[in-house]
Amino acid sequence: MTPPPSARVIVGMSGGVDSSVAAALLKDQGYDVIGMMLRLWSDTGTHNRCCAPDAQQEARYIAGLLDIPFYVIDAQDHFYQQVVIPFINGYTQGITPNPCLNCNRFVRWDFLLERAKALGADYLATGHYARIQNTAAGPYQLLKSRDADKDQTYFLHVLTQNKLSQTIFPLANLTKKQVRKLAEEYALPVADRPDSQDLCFVGQGDYRDFLRKSSPSSMKPGPIIDLDGKSRGEHPGLADFTIGQRKKLGISSPEPLYVIRKDLKNNTLIVGSREYLGQGKFYVDNVNWISGEAPADPIPANVKIRYKSREVPSVITATNSNTVSIQLDSPLADITPGQAAVFYQDDFCLGGGIIRSE
Amino acid sequence: MNNIYLDYAATTPVDERVTAAMQPYFTQVFGNPSSLHRFGQQAESALEKSRRVLAGFLGAKPSEIIFTSCGSESDNLAIKGAAFAARQQSRANHLLISPIEHPAVLNTANQLADLHGFDLSFLPVDKYGRVSPTEVQKNLREDTFLVSVMDANNEIGTINPIAEIGGICRERGIYLHTDAVQSGAHSPLDVNSLNVDLLSLGAHKFYGPKGVGALYIRSGTDLSPMLTGGSQEFGQRAATENVPLIAGMAAAFELVQVEHDQRTNHILPLRDYLIKQILTKIPSSQLTGHPEERLVNHASFVFEGVDGNLLISILDGTGFACSSGSACKTGDPEPSSVLTHLGYSPSWALGSLRVTLGKDTTAEDIDSFLNVLPGCIHQVRELKS
C-alpha cells in the first residue's frame with residue numbers, strides 16, 4: 001500500500017514513543033501530518049490516562065519538535081456512551097468486557113476518523129504494532145506485527161475493509177527495539193506511556209471501586225459454593241472474578257479451587273477443581289471478518305482468547321455473518337465471556353468477536 | 001506555514017520598527033537604570049523617555065506610569081494594591097467589578113474575597129456585556145474602595161462607557177480601574193476624559209513585545225506594592241526594569257497613536273464586511289457583543305450546535321487561525337462564562353468564534369476566510385457526536 005505522499009494524515013498521538021515515532025516517520029515520508037489526541041471521559045476527580053495533562057503536554061511538545069499541528073478533540077460524551085456504559089452493563093450482566101475493543105471500533109476508527117476527514121485528512125495513522133497489506137485486486141489484510149511480543153492485532157480485529165483502506169500503521173515493519181532506536185535518531189523522548197490497553201477511565205483508581213459506584217449489583221458480596229452445592233465462603237462481588245481464576249478466592253482447600261461459573265441470578269460464585277474447567281467449544285458474537293465475508297465452510301484457525309494468551313488451534317464455523325462456533329483442538333481453562341476471541345492463520349488476522357455467555 | 005492569522009486579540013506580531021527600537025538595549029545600552037555610572041544613566045534615560053511617550057499619549061504625568069511585566073500583572077497590582085492599601089488606611093472592604101472581566105481581574109478579585117475576606121460584588125451587564133453607569137451608581141456602597149470595569153471585552157469586543165462610570169466613582173471618591181489591554185491597540189486612551197484612576201496596558205496586543213505592560217496610577221491613588229524589593233518604579237514595583245522591552249512598548253504605543261486613523265480606516269470596513277457576510281451566509285448564527293460599540297478589529301459570533309473547539313481545529317487545518325471563547329487546548333469545552341452570563345444557552349455558547357483583524361489583514365484574507373467558513377461550519381454540524 002503506497003498512499004500518495006503529500007496526502008494528509010492524522011496521527012493519534014499519546015505522547016508515548018510509539019505514536020511519536022509513527023508521526024516522525026510519516027513526516028519524513030512527505031505526508032502532511034497532523035497530530036490529534038482525543039479527550040476521553042474519566043471518572044469524577046480523575047484524569048483519563050490516555051489524555052492526562054502530562055500526556056497532552058508531552059504530545060504537544062513532540063508535535064512541536066516535529067513541527068506538526070496538534071489538536072485535542074473532545075470525545076467525552078461519545079466515549080461514555082460507546083465505551084463506559086457497555087463496560088458497566090457488561091459487568092452488571094456478569095461478563096468481563098474489554099473496553100479497548102469498543103474504543104477502537106466506535107471512538108478511534110469512527111469518531112476520530114470522521115473528525116480526521118473533516119480536517120481534510122485522507123488517512124488515520126496510529127502507533128499500533130500491526131501491518132496492513134493489500135494487493136491490487138484482493139481485499140485489505142491485517143497481519144501481525146514483526147515484533148511478536150508487541151503485536152496488537154488482538155485489539156484491531158474490529159477494523160472493516162473500509163476502515164483499513166483509510167488506515168496507516170507506520171510501525172508495521174518495526175520492532176519495539178527499532179522504534180526506540182528511531183526515537184533516539186529523531187531526538188524524540190523515548191518514554192513509554194502506561195500501556196493504553198488498560199482501563200484508562202478509572203484514573204489511578206481500582207476498577208472495582210468504580211464498579212461499586214456505577215454497577216453496585218456487580219460488587220455485592222455473595223456466597224461461594226462448590227459444584228456439590230456446599231458453601232465454601234463469601235465473595236466480595238462477582239465482578240472481582242473471571243472464569244478460571246484461582247487467586248484471591250480465600251478458600252483453604254486440600255486441592256486448588258478455580259472459578260468455574262458465575263451464577264448471576266443468585267450472585268453466587270461456583271468453584272471446583274481444575275478438571276471441571278476445560279471447555280472445548282464456545283460461541284462468539286459480533287464477529288468482524290477482516291475480509292468482509294464469513295467463510296462458507298469450517299476453517300482451521302488459531303484462536304487467541306486474551307491479549308496475552310497464546311494461540312491455540314481450532315476449527316471455526318460461521319453460523320451466520322457475525323456469529324461463529326469454535327471447536328478447540330484441546331480445551332482451554334479460561335474462556336471468559338466478554339473478552340475477544342481473535343482468529344489467525346499464520347501471520348494473518350482473519351477477524352474476531354466477543355465470547356458469548358453460556 | 002502560510003496560514004492566515006485572524007487572532008490579533010490573542011496577540012500580535014512585533015512591528016519591525018519596534019524590534020529595531022529595542023535592539024540597542026540588549027547589548028549596547030545594557031546598564032542597570034538604577035546604577036550611578038554612565039552605563040546606568042544611558043539605560044535610565046531610555047527608560048524615562050519610554051515613560052514619557054506613554055504618559056504623553058495617555059494624558060498622564062510621567063510619574064503616573066509604571067512599567068510591569070504584562071497586562072495581567074498591571075491588573076493584579078491595581079486591584080490587590082488598592083485592596084491592601086484601603087484595608088490599611090480606610091478600612092474600606094468592598095470591591096465592585098463586572099462579571100465578564102478578563103480572568104486577570106476576575107480571579108484576582110475572587111482571591112481577595114476567598115483568601116483575604118474582602119467583600120466582592122458584581123455589576124449587572126446588558127445582553128451586549130455593557131455595564132450601565134446607573135447600575136454602578138446603585139451598587140456603590142459606603143465601604144467600596146474600588147470599581148473595576150474593563151474598557152473593552154476580549155471575547156465579545158464590547159466597549160464600556162468608562163468615562164461616565166468614572167464620573168460617578170469620582171463624585172464618590174472611589175477609585176476606578178479599567179483593564180484597557182484589548183483597547184490599547186485601537187482606541188486613543190485619555191485617562192482624564194476616561195475619568196479613571198488606574199488603567200492597565202499590555203504591549204503585545206499592539207505590535208509590541210510580550211513580557212511588558214504598564215499601569216497608569218493617578219497621583220494620590222494609594223496602592224500597596226505587590227512586588228516588594230528595591231525602590232524602582234516610584235516604589236510601586238521592585239525589580240530591575242526590562243529596558244529593551246520597555247523601549248519596545250513605547251515605540252509600539254507611539255505607532256498606535258501616529259497610525260491610528262490609517263489603521264482604523266483600513267480595518268473597520270473589513271470587519272463590517274466580515275460580520276455582514278457571516279450573518280448572511282451562515283444559518284443559525286448571531287453576532288455576540290455590541291453591534292456598534294465594539295473594538296474596530298473585533299468580530300465575534302455564536303453558531304448553534306457547533307463544537308467550537310473542533311471548528312477552530314478544522315479552520316486551522318484549512319489555514320486560518322481564529323479563536324473561540326469555549327475552545328480550550330485540552331479538549332475540555334466549557335461554555336464560555338462570558339456568553340453564559342449574557343444568557344446564551346450551552347448549545348449556542350459552545351459554538352463561539354472570535355475573528356480579530358490586524359493592521360496587515362487584507363481584503364483577500366477576509367474573502368478567502370469567508371470562502372471556507374460556511375463549509376467548515378456545515379461540516380462540524382454534520383458530524384454526529
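**Helix 3, chain A**

I started with helix 3 of chain A, residues 76–92, in this predicted model. I counted 17 residues and a reach of 22 Å from the first C-alpha to the last, which is close to the 24 Å expected at 1.5 Å a residue.

Next I asked myself: where does helix 3 of chain A bend? I found a bend of about 30° at A:Val84, with a proline, A:Pro86, following within four residues.

Then I looked up which residues of this helix are buried. My list reads A:Phe79, A:Gln82, A:Val83, A:Val84, A:Phe87, A:Gly90 and A:Tyr91. A:Val84 is thus both on the buried list and at the site of the bend. I reminded myself that an α-helix has 3.6 residues a turn, so residues three or four places apart point the same way.

What do these buried residues pack against? I traced them to two helices of chain A, helix 4 (99–118) and helix 8 (207–214).

Before leaving this part of chain A, I checked what comes just after helix 3 and noted A:Gly94, which takes a positive phi of about 85°.

**The sheet in chain B**

Over in chain B, I found three strands forming an open sheet in the order 9-10-12, with antiparallel pairing. Its edges are strand 9 (285–287) and strand 12 (352–356), each of which pairs on one side only. I noted a twist that averages 25° from one strand to the next.

How many bridges join strand 10 and strand 12 of chain B? I have five, linking strand 10 (residues 298–303) to strand 12 in the antiparallel sense. I also picked out one partnership by name: B:Ala299 has B:Val355, in strand 12, as its bridge partner.

Terms used:
Residues numbered from 1 in each chain as written. Chains lettered and ligands numbered in written order. Predicted model: local features only at pLDDT ≥ 70, side-chain atom pairs only at ≥ 80, totals over all residues. Expected span 1.5 Å × (residues − 1). Bend = angle between axes of the 7 residues up to and from the residue. Buried ≥ 20, exposed ≤ 12 C-beta atoms within 10 Å, placed from the backbone. Contact = placed C-beta atoms within 7 Å. Pairing = 2+ DSSP bridges. Axes fitted to C-alpha atoms, helices over the stretch in contact; angles between N-to-C directions.
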